[in-house]
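Reader: I should like to learn how to read the features of a model such as this one. Please take me through them one at a time.

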Amino acid sequence: FNVLIKELDVPTPSARQRLGNPESQGLQLPAIYALGAQGKAQRFNMKPGMTGSQKAEVVRAAYRQIFERDIAKAYSQVVCPVEATQVRQMDISMREFIRALGHSKEYRQQFFGRFSNSRAVELAFRHFLGRGISTREEFTRYFDIVSAQGLKGLVDALINTSEYAQVFG
């Protein structure tokens, strides 16, 4: 909400321009994009000394990252209730919890079954690594994985990367 308020305070749109081919240059991004990127994204860590409500907030953040919305609030559902309980009790790691969310029937229905393999790869990058695909070679490598092994292979390949370990611990 504060970003929207700041948007109204900006006298003119941001001069930051879209990246891309020369034909699309010159189109200015709204100031809200630049202002939204200035804030540091909140990081969530599951630690042994946390309270139950703090652990529940970390689990909700994982659902928001993977499913692009707070499904417990919006739909009153929990996709992996057993795994969510296990991660709160520190019986399984957050990495294994995220893997379980990626392997879940709900994720398959919402982000894999209704899309082509190329779109599923793009969405998986956003959901599991928090970024888009950076190179054509990277896309080709993971497209081959999803074509040969399906969603489970794609999720496992992304979660087992050193990038995932470095960014998310």
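**Burial, helices and salt bridges**

Author: E138 counts as buried, at 9% relative accessibility. Please bear in mind throughout that the model is predicted.

Reader: On what grounds is E138 called buried?

Author: A residue counts as buried when its relative accessible area is under 20%. E138, at 9%, is therefore buried. This residue belongs to helix α9.

Reader: Which residues does E138 touch, leaving out those up to four places away in sequence?

Author: With those neighbours set aside, E138 touches F125, R131 and I133. The side chains of E138 and R131 are also joined by a polar contact of 2.6 Å.

Reader: Is D156 buried or exposed?

Author: D156 is buried, its relative accessible area being 19%. Like the previous example, D156 has its place in helix α9. When neighbours within four places in sequence are left aside, D156 is in contact with R99 and H103.

Reader: How should one read a salt bridge, and with which residue does R131 form one?

Author: The criterion is a side-chain nitrogen of Lys or Arg within 4 Å of a carboxyl oxygen of Asp or Glu. In this model, R131 and E163 meet through their side chains in a salt bridge, at 2.6 Å from N to O. Because E163 lies in helix α10 and R131 in the loop between α8 and α9, the pair ties together parts that are 32 residues apart in sequence. E163 is partly exposed, with a relative accessible area of 24%, and R131 is partly exposed at 22%.

Reader: How many salt bridges does the structure hold, and which residues are linked in a network of them?

Author: The structure holds eight salt bridges. E57, R60 and R64 are linked in a network. Within this network, E57 pairs with R60, where the closest N and O atoms are 2.6 Å apart, and E57 also pairs with R64, where the closest N and O atoms are 3.1 Å apart.

Reader: Why might residues a few places apart in a helix point the same way?

Author: The general idea is that an α-helix has 3.6 residues a turn, so residues three or four places apart point the same way. In this structure, R60 and E57 are three residues apart in helix α3 and are thus separated by about one helical turn. As to accessibility, E57 is partly exposed at 26%, R60 at 31% and R64 at 30%.

Reader: How does one compare the span of a helix with its expected span, taking α8 as the case?

Author: One compares the distance from the first C-alpha to the last with the span expected at 1.5 Å a residue. Helix α8, covering residues 117-129, has 13 residues and reaches 17 Å, close to the expected 18 Å. Just after α8, G130 takes a positive phi of about 75°.

Reader: Which residues of α8 are buried, and what covers them?

Author: The buried residues of α8 are A120, V121, L123, A124, F125, H127, F128 and L129. Their cover includes α3 (52-67), α6 (94-103), α7 (105-111), α9 (136-159) and α10 (162-168). One of these buried residues, F125, is also touched by E138.

Reader: How can distance in sequence be set beside distance in space, for T51 and R88?

Author: One states both separations for the pair. T51 and R88 are 37 residues apart in sequence, and their C-alpha atoms are 9.5 Å apart in space. T51 is placed in the loop between α2 (31-38) and α3, and this residue is partly exposed, with a relative accessible area of 41%.

Reader: What describes the protein as a whole, and how many helices and strands are there?

Author: The protein has ten helices and zero strands, and along the sequence the pattern reads α-α-α-α-α-α-α-α-α-α. Of its 169 residues, 33% count as buried. Among contacts with a separation of 6 or more, 53% are between residues 24 or more positions apart. The accessible surface comes to about 10,700 Å², and 52% of that surface belongs to carbon and sulfur atoms.

Definitions and conventions: Residues numbered from 1 in each chain as written. Predicted model: local features only at pLDDT ≥ 70, side-chain atom pairs only at ≥ 80, totals over all residues. Heavy atoms only, no water. Helix = DSSP H or I, 4+ residues; strand = E, 2+ residues; numbered from the N terminus. Expected span 1.5 Å × (residues − 1). Buried < 20%, exposed > 50% of the residue type's maximum accessible area, 1.4 Å probe, protein only. Contact = heavy atoms within 4.5 Å. Areas by Shrake-Rupley, 256 points an atom, 1.4 Å probe, with all protein chains shown as cover. Polar contact = N/O pair within 3.5 Å; in protein donor to acceptor, adjacent residues only side chain to side chain.
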